[in-house]
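Q: Can you walk me through this one? I'd like the strands, the packing and anything odd in the backbone.

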Amino acid sequence: MKISASTKGLIISVITVLVAFGIYNFFLAKKNYYLVDNPTENTFYFTINNGTENIISAGQKVHVDLKKGKNEIKVFDGQKKMLYDSGFVVNKNRGLLNIAHRDYYINEQFYGYGLNKDSLIAARKQTNIDGKLYLNAPVHFNKLYTDAFYYNIDEKYDGIVKNIQKVESRTKIFRKEDFLNYYKEYYQFK
């Protein structure tokens, strides 16, 4: 059986689309998930929506399943004494549960072709962290739950500018110490 030129072209096109889709799905697509983070030196036990009991050790982060809408969490200390029982609302496809109520900072980074990053950042408000002022208005967070960011604590900012025609920005949540280290490394004004 002989295959016509148009059939060969169709087959090549379909294979190309499938390969492109596979590359995007396995290497480029951003995964959506929820994290429980413990930046302290303590161990905690917790249950979400009366499910199974989970343990989170010092400095650990754990992926959890949450449903959109209202959720409940019970948090216990290392001796399994209840610390609190609380509810929170999930609106987005990724989020962070701060069961230890520690300090986090949500920072915004700008992307774009010919972007004057220094002038954009300098024009924004400053945030006081431990008596020192930090540019670019990083947002302080220490409540139980947030989904007001794009990159979670275990993700990095994009290294590639995706749309060079306009200025875009992405937010990332950092543990306090990680933010201070990032700020020192990234924000070097001349």
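A: Sure, terms first: strands (E, at least two residues) and helices (H or I, at least four) are DSSP runs numbered from the N terminus, and two strands pair if DSSP finds at least two bridges between them. This is a predicted model, so local features need pLDDT of at least 70, side-chain atom pairs count only at pLDDT 80 or more, and totals for chains, interfaces and linings use all residues. Residues are numbered from 1 along each chain as its sequence is written, and side-chain values use heavy atoms, with hydrogens and water left out.

Q: OK, which residue in β13 is the bridge partner of Tyr-104?
A: Arg-175 is the partner there. Tyr-104 belongs to β8 (residues 104-111), and β8 pairs with β13 in the antiparallel sense over eight bridges.

Q: What's the strand order in that open sheet?
A: β11-β8-β13, three strands with antiparallel pairing. β11 (139-141) and β13 (168-175) are the edge strands, each pairing on one side only. On average, neighbouring strands in this sheet are turned by 30° against each other, direction ignored.

Q: And which helix lies across β8 and β13?
A: That's α3 (residues 176-186), running at about 130° to β13. Axes are lines fitted to C-alpha atoms, for helices over the stretch in contact, and angles run from 0 to 180 degrees between N-to-C directions. Contact means heavy atoms within 4.5 Å.

Q: Switching to β1: are its faces covered or not?
A: Both faces of β1 (residues 34-37) are covered, with Tyr-34 and Val-36 buried on one side and Leu-35 and Asp-37 buried on the other. Buried is under 20% relative accessible area, exposed is over 50%, and partly exposed is in between (1.4 Å probe, protein chains only).

Q: Which way does β1 pair with β4, parallel or antiparallel?
A: Antiparallel, over four bridges to β4 (residues 61-64), with Tyr-34 opposite Val-64. With β7 (residues 95-98), β1 pairs in the parallel sense over four bridges, and there Gly-95 is the bridge partner of Tyr-34.

Q: What about the largest nonpolar core, how many residues?
A: It has 19, and those with the most contacts inside it are Phe-46, Val-64, Leu-66, Ile-73, Leu-97 and Ile-99. The elements giving two or more residues to this core are β1, β2 (44-48), β4, β5 (69-76) and β6 (82-90). A second, separate core of 14 residues includes Tyr-134, Leu-135, Tyr-151 and Phe-174. By nonpolar core I mean a set of buried Ala, Val, Leu, Ile, Met, Phe, Trp, Tyr and Cys residues joined through side-chain atoms within 4.5 Å.

Q: How many aromatic pairs are there?
A: 13 in the structure. Rings of Phe, Tyr and Trp (its six-membered ring) pair if their centres lie within 6.5 Å; planes under 30 degrees apart are stacked, over 60 edge-to-face, the rest tilted. Tyr-151 and Tyr-157 are edge-to-face, 5.7 Å centre to centre with 75° between the planes, and both are buried.

Q: Which charged ends sit over the ring of Tyr-150?
A: Arg-94 at 4.9 Å from the ring centre, and Arg-170 at 4.5 Å. The cut-off is NZ of Lys or CZ of Arg within 6 Å of the ring centre and within 35 degrees of the ring normal.

Q: Last bit: what's the phi of Asp-130?
A: Positive, about 55°, although Asp-130 is not a glycine. Asp-130 lies in the loop between β9 (127-129) and β10 (132-134), and at 63% relative accessibility it counts as exposed.
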